[in-house]
Amino acid sequence: MSGGGWIALGTGVALGLIVARLVPLARRAVSPAPALPPAAGAPSLPDVPDIVRQMLAVSGRRAMIPVILKLVDQLLAPAQVALFACRPDGRLSLADGRGLPESMSRGFEVDSPPGAPALPPLPGFIPDVVAPILTDQRLYGIIGVAGVRKRPEEAAGTLKMVAELSGLAIVQVEKLKATQDKANIDGLTAVFNKRYFQERLTDEIERAGKEGAGLSLLLLDIDDFKNYNDTNGHVAGDDVLRDVGRLLRSSLREDDVVARYGGEEFVVLYPGASKALAYRLAQSLRRAVELHPFPGGERQPLGAVTISGGVATFPQDATTEVELIQAADQALYEAKAAGRNRIIAAGDGPGGT
């Protein structure tokens, strides 16, 4: 059996064990009290095993959010629901919601009140019930509902169980994803390989088209890398590739994807990012590489190991994955022609920095 076959088999076995563990928890969350059978014509409960399988079939935390909101809608039918994700700095960022005011778009940030995880009262959204989503005892986020229209007397317990189910599912999805990712990692740089990147790019363009969200791509390479190899040796060149891969990984947001595109070329995918945001992220990465103390970097033509890159955005610069890569590649070419150690965004001309 091939490596991919073993991964698929292992994933299938793990999925069965996870469903067996999570379904009883979910059933407790949605089962009506025995003494109070549902009235004739009452809406049926959702197919809990199917919901659990949907949670475990997604590619990451971001893709699970719509499934969580769907479960909340089916169980409680709230007039408003908001799911906030916890940022590394401790602030809460709106991941998605329903029935919220226009002022609360995705990415809207708030500070969690001190003490227990909670949401502050917000203009146009004052939650009746909130529950923390914990992953391995770490706060992933907070979900809040207002205007519950189904079983309002059970809202607190039901939302708590949904949050617990979501936290367990997120942990298991990440474990499965880590197993699957091992086959998609470049052995030298520890970033994703080109094949995996191309699959993700297709998926992310499809998702961005459906959701009307931005999607940006950075194509970069190491300036004068042949000169570095000729001057310092190929072993040192491999060390540079490893370090650049590490710097790229450390710069990523939660849903970003970085891959080795070939030789000294890398590509970074920024889901949901505008061109302006992707350009800022790329500039931060460029500066991090320029300031990194690579051995022998002072012998490079620019006095340091540097990178150049091109940024392009869907659908502003392209409508297909091939066009998006071509637009970023053209911007990268312009960055090289303009003197290297710079980032240029597609459509901005050769004057980038």
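# Terms and values in a predicted model

Me: Why is K336 called buried?

Reply: K336 has a relative accessible area of 18%. Buried means under 20%, exposed over 50% and partly exposed in between (1.4 Å probe, protein chains only). The value of 18% is under the cut-off, so K336 is buried. The model is a predicted one, in which local features need pLDDT of at least 70 and side-chain atom pairs count only at pLDDT 80 or more, while totals for chains, interfaces and linings use all residues. Residues are numbered from 1 along each chain as its sequence is written, and side-chain values use heavy atoms, with hydrogens and water left out.

Me: What makes the pair of K336 and D221 a salt bridge?

Reply: A salt bridge requires a side-chain nitrogen of Lys or Arg within 4 Å of a carboxyl oxygen of Asp or Glu. The closest N and O atoms of K336 and D221 are 2.5 Å apart, so the pair meets the rule. The two residues belong to distant parts of the chain, with K336 in helix α9 and D221 in strand β6, 115 residues apart. D221, at 11% relative accessibility, also counts as buried.

Me: How are the helices and strands that carry such names assigned?

Reply: They are DSSP runs numbered from the N terminus: helices are H or I with at least four residues, and strands are E with at least two. Helix α9, for example, covers residues 321-337.

Me: What makes R195 and E199 a salt bridge, and where do they lie?

Reply: Their closest N and O atoms are 3.3 Å apart, and this value satisfies the salt-bridge rule. Both residues lie in helix α5 (residues 194-211), four residues apart, about one turn of the helix. R195 has a relative accessible area of 41% and is therefore partly exposed; E199, with 41%, is likewise partly exposed.

Me: How do you know that R98 and D96 form a salt bridge, and which network includes them?

Reply: The N to O distance between their side chains is 3.7 Å, which the rule admits. D73, D96, R98, R106 and E211 are linked in a network of salt bridges. R98 is partly exposed at 32%, whereas D96, at 10%, is buried. By the stated rule, the model has 23 salt bridges.

Me: Why are α6 and α7 called oblique to each other?

Reply: Helix α6 (residues 225-232) and helix α7 (residues 234-250) pack at about 135 degrees, with their axes 7 Å apart. Axes are lines fitted to C-alpha atoms, for helices over the stretch in contact, and angles run from 0 to 180 degrees between N-to-C directions. Angles under 35 degrees count as roughly parallel, over 145 as roughly antiparallel, 65 to 115 as roughly perpendicular and the rest as oblique. The angle falls in the rest, so the helices are oblique. Residues of the contact (heavy atoms within 4.5 Å) include F225 and Y228 of α6, and V240 and L241 of α7. They divide into five nonpolar, four polar and no charged; here Ala, Val, Leu, Ile, Met, Phe, Trp, Tyr, Cys and Pro count as nonpolar, Asp, Glu, Lys and Arg as charged, and the others, Gly among them, as polar.

Me: What makes β1 and β5 a pair of strands?

Reply: Two strands pair if DSSP finds at least two bridges between them. Strand β1 (residues 78-86) and β5 share seven bridges in the antiparallel sense, so the requirement is met. L83 of this pairing stands opposite I143 in β5. Strand β4 (residues 129-135) is also joined to β5 by seven bridges, running antiparallel, with L134 opposite L139. In the hairpin of β4 and β5, D136 takes a positive phi near 50 degrees.

Me: Why is β5 described as largely enclosed?

Reply: Eight of the eleven residues of strand β5 (residues 138-148) are buried, so the rest of the structure largely encloses the strand.

Me: What makes β7 and β10 edge strands?

Reply: The open sheet has the order β7-β8-β6-β9-β10, with mixed pairing. Strands β7 (257-262) and β10 (343-345) each pair on one side only. Within this sheet, neighbouring strands are turned by 20 degrees against each other on average, direction ignored.
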